[in-house]
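Colleague: I'd like to learn how to read a fold and a metal site from a model. Could you walk me through one?

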Amino acid sequence: MKPFDTHTHIMSERFDEDREALLAELFGNELISGLIEIGTEPGDLEAVKDLAEQYEKVWFAPGVHPHSASEFTDETEAHIRSLLKHEKAVALGEIGLDFHYDFSPRDIQREVFIRQLRIAKSLNKPVIIHSREAAAEMFETLKNENVNGGVLHCFSENAAHAEDILSLGLYIAFGGAITHKTRDELREAVKVVPLERLLIETDCPYMTPVPFRNKRNRPDFTMLTAEKIAELKNISVEEVIDITTQNAEKLFGINII
Ligand code: NI
């Protein structure tokens, strides 16, 4: 069995040159079992939906990333609500707080994050959450909003924060960063997350795992993350792939295999 990548940005311009060839290789050679393509800004939501319509094993999530929170309008909300009715729309995302880059002012990030959490709740859809240098506020916000299902993607904090997030009933997704030499705290976090709450992802083209760090990330590199989790959990890679695929099926309500 091959890994399922729960977080990709294949529509990023960094795949413009070889997108179709790459997808043909991934699916033709069965390097992955499928993927979820994630929206980030009002202008890319149709494109992520189109990708999902084009490939059987591609699903999508429409949402506005904190970087683009300033672009969120009433029209964006209407668009997201309508896209979430699509049969291949599995979640609202990615949404959240990014206090590292602060590309949108923090007050606007907060407002747009909460607004999207409420949209997801009103439609009974899970959320895909991005959080960077915002751990304490993230936990408070999710708790106050009584979030009902979702995943904290590209987990980048310590084991204590992982436990906080787990206490809210959320899943935690790990990517290539767990293979990076200096990220011991992330490997400790992997150890405290029960198998039934784990997901794997690439966040490609970003976050490339060792040993390809100087290259563009791609969905089949989820295998490297699965291998690292297997090592940390002392189980087989097949088990990691099996359970994370089942978790994705459960959280996103889809049949992957
Ligand atoms: Ni992302």
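Modeller: Sure, we'll start with a sheet and then turn to the metal site. Keep in mind that this is a predicted model.

Colleague: How do I read a sheet, and in what order do the strands lie here?

Modeller: In general, strands of a sheet pair through backbone hydrogen bonds, either parallel or antiparallel. Here 3 strands form an open sheet in the order 1-2-3, with parallel pairing. Strand 1 (4–8) and strand 3 (58–61) are the edge strands, each pairing on one side only. On average, neighbouring strands of this sheet are turned by 20° against each other, direction ignored.

Colleague: How many bridges join the strands?

Modeller: Between strand 1 and strand 2 there are 3 bridges, and between strand 2 (residues 34–38) and strand 3 there are 4. To find your place on screen, look for Thr8, which stands opposite Glu37 in strand 2. On the other side, Leu35 has Val58 in strand 3 as its bridge partner.

Colleague: Is strand 2 mostly covered or open?

Modeller: Mostly covered: 5 of its 5 residues are buried. Gly34, Ile36 and Ile38 point one way from the strand, while Leu35 and Glu37 point the other way.

Colleague: What does the chain pass through on its way from strand 1 to strand 2?

Modeller: The chain goes through helix 1, and this β-α-β crossover is right-handed. A right-handed β-α-β unit is also made by strand 2, helix 2 and strand 3. Helix 2 (residues 45–54) lies across strand 2 and strand 3, and runs at about 160° to strand 3.

Colleague: Now the metal. Which residues are the protein donors of the nickel ion?

Modeller: They are His7 (NE2), His9 (NE2), Glu94 (OE) and Asp203 (OD), at 2.1 to 2.4 Å from the nickel ion. Along the chain, the donors follow the spacing H-x1-H-x84-E-x108-D.

Colleague: Why does the pair His9 and Asp203 tie together distant parts of the sequence?

Modeller: His9 lies in the loop between strand 1 and helix 1 (19–28), and Asp203 in the loop between strand 8 (198–200) and helix 8 (222–233), so the pair links parts that are 194 residues apart in sequence. Both His9 and Asp203 are buried.

Colleague: And what geometry does the site of the nickel ion have?

Modeller: For reference, ideal angles at a metal are 109.5 degrees for four tetrahedral donors. In this model the angles among the 4 donor atoms run from 84 to 175°, and the site is irregular. One caution: water is not among the atoms, so sites may look incomplete.

Notes:
Residues are numbered from 1 along each chain as its sequence is written. This is a predicted model: local features need pLDDT of at least 70, side-chain atom pairs count only at pLDDT 80 or more; totals for chains, interfaces and linings use all residues. Side-chain values use heavy atoms; hydrogens and water are left out. Two strands pair if DSSP finds at least two bridges between them. Helices (H or I, at least four residues) and strands (E, at least two) are DSSP runs, numbered from the N terminus. Axes are lines fitted to C-alpha atoms, for helices over the stretch in contact, and angles run from 0 to 180 degrees between N-to-C directions. Contact means heavy atoms within 4.5 Å. Donors are N, O and S atoms within 2.8 Å of the metal (3.2 Å for Na, K and Ca); water is not among the atoms, so sites may look incomplete. Four donors count as tetrahedral if all angles lie between 85 and 135 degrees; four count as square planar and six as octahedral if opposite donors are over 155 degrees apart and all others between 65 and 115; anything else is irregular. Buried means under 20% relative accessible area, exposed over 50%, partly exposed in between (1.4 Å probe, protein chains only). A crossover is right-handed if, with the strands pointing away from the viewer, the path from the first strand over the helix to the second runs clockwise.
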